[in-house]
Amino acid sequence: WFAAFFLYIGSFLGITAGAHRLWSHRSYKATWPLQLLLMILNTIAYEDAAMDWARDHRVHHKYSETNADPHNAKRGFFFSHIGWLLCRKHPDLIEKGKGIDISDLKNNSILTFQKRYYRILMPLLCFIMPTVVPVAYWGESWTNAFFVSGLLRYIITVNCTWLINSVAHLIGNRPYDRNINPSENKMVSMLAAGEGWHNYHHVFPWDYKAAELGDYKYNITTGFIDLCAMLGLAYDLKVVPKHSVQKRVQRTGDGSHDVWGWGDKDQTQEDRDQTVVMHSQNKDRQ
């Protein structure tokens with residue numbers, strides 16, 4: 001179970017910090033050792049080569065909730081969750097996909113290596129290694145190692161990823177843009193390493209946090225990237241200024257955005273009364 005949990009977190013980071021925030025959106029930059037690590041973790045996740053994943057995700061953002069969207073949520077929960085993988089691509093998706101620039105991905109030697117040898121790397125890293133290591137080092141049975149560390153871990157990982165395409169496009173608040181389907185969903189964020197703050201992400205896809213706040217408890221991917229930045233492995237982290245977020249909230253939000261701070265018109269009197277003001281130089285709260 002330890003191996004399964006470790007691989008679940010690691011492979012998720014290969015998707016969220018790697019294929020998603022780094023290679024799809026270029027929201028930060030990474031040194032080659034970090035890119036190599038993320039490529040390995042991404043291969044363990046087995047959600048297609050990162051180059052193809054990033055290409056489809058760029059199409060998803062550019063043509064969200066249209067027939068050119070690979071997992072168009074307007075076609076229902078089942079389609080956006082898994083159905084899109086069980087049928088042929090819509091002609092609009094094929095046509096629009098040709099216009100997406102992925103030259104940066106094709107020029108990345110680590111990604112081209114992964115794509116070229118994916119059929120060898122994927123089974124080795126996703127199923128064989130997670131089975132052999134627990135047996136060889138911890139005395140686990142072959143059956144438990146394969147079905148728990150390998151198969152069950154993989155099934156949970158991909159389904160939690162698919163929740164972003166389905167649940168986070170159908171259920172939740174839309175504090176940044178009420179006119180689009182992507183929503184803020186805390187449950188999805190907890191299960192998908194911080195990827196459930198989806199309304200914000202679709203409005204500001206270049207923010208490396210994929211969320212307004214850097215709350216590590218609900219966004220471990222941000223914590224991982226911040227740690228890598230401290231170690232000099234990640235750099236040029238892009239963040240949307242707070243005033244830009246507030247302007248967008250006021251212009252297109254659905255009114256569910258949290259109060260901006262002390263004195264906000266939506267702050268309740270109860271919140272004011274219960275607040276403890278430390279080191280105050282004035283008895284009256286301003």
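Here is a walk through this predicted model, from the whole chain down to a few single residues.

A bit of housekeeping comes before the tour. Residues are counted from 1 along each chain as its sequence is written, and side-chain values use heavy atoms, with hydrogens and water left out. Because the model is predicted, local features need a pLDDT of at least 70 and side-chain atom pairs count only at pLDDT 80 or more, while totals for chains, interfaces and linings use all residues.

Let's start with the whole thing. The protein chain has 14 helices and two strands; these are DSSP runs, numbered from the N terminus, where a helix is H or I over at least four residues and a strand is E over at least two. Of its 286 residues, 50% are buried, meaning under 20% relative accessible area, while exposed means over 50% and partly exposed is in between (1.4 Å probe, protein chains only). If you look at contacts (heavy atoms within 4.5 Å) with a separation of 6 or more, 65% of them link residues 24 or more positions apart.

Now to the outside. The chain exposes about 15500 Å², and carbon and sulfur atoms supply 60% of that; accessible areas come from the Shrake-Rupley method with a 1.4 Å probe, and for residues only the protein chains shown count as cover. Phe-77, Phe-78, Leu-85, Leu-86, Leu-170 and Ile-171 make a nonpolar surface patch of about 620 Å². Patch residues have over 30% relative accessible area and no salt bridge, with nonpolar side chains (Val, Leu, Ile, Met, Phe, Trp, Tyr) joined within 5 Å and like charges within 9 Å. Phe-77 sits in helix α4, residues 77-81, and is partly exposed at 43%.

Head inside and you meet Glu-184, in the loop between α9 (142-165) and α10 (186-191). Which side chain of opposite charge is nearest to Glu-184? That would be Arg-174, 9.2 Å away, and the buried Glu-184 has no salt bridge. A salt bridge needs a side-chain nitrogen of Lys or Arg within 4 Å of a carboxyl oxygen of Asp or Glu; Lys and Arg count as positive, Asp and Glu as negative, and His and the chain ends are not counted. Instead, look at the backbone: the side chain of Glu-184 reaches the nitrogen of Asn-199 at 3.0 Å and that of Tyr-200 at 2.9 Å.

His-57 is another inside resident, in helix α3 (residues 50-62), and it counts as buried because its relative accessible area is 8%. Its side chain makes a 3.1 Å polar contact with that of His-25. A polar contact is a pair of N or O atoms within 3.5 Å; within protein, one must be able to donate a hydrogen and the other to accept it, and residues adjacent in sequence count only if both atoms are side-chain atoms.

Gly-14, in helix α1, is buried too, at 0% relative accessibility. Its C-alpha atom is 7.0 Å from that of Ala-45, 31 residues apart along the chain. Helix α1 (2-24) also turns up among the elements that the buried residues of α12 pack against, along with α2 (32-45) and β2 (234-235).

One last thing to spot is the backbone angle phi. Most residues other than glycine have a negative phi. Ala-210 has a positive one, about 55 degrees, and Asp-236 also has a positive phi of about 55 degrees. Ala-210 is buried at 2%, whereas Asp-236 is partly exposed at 43%.
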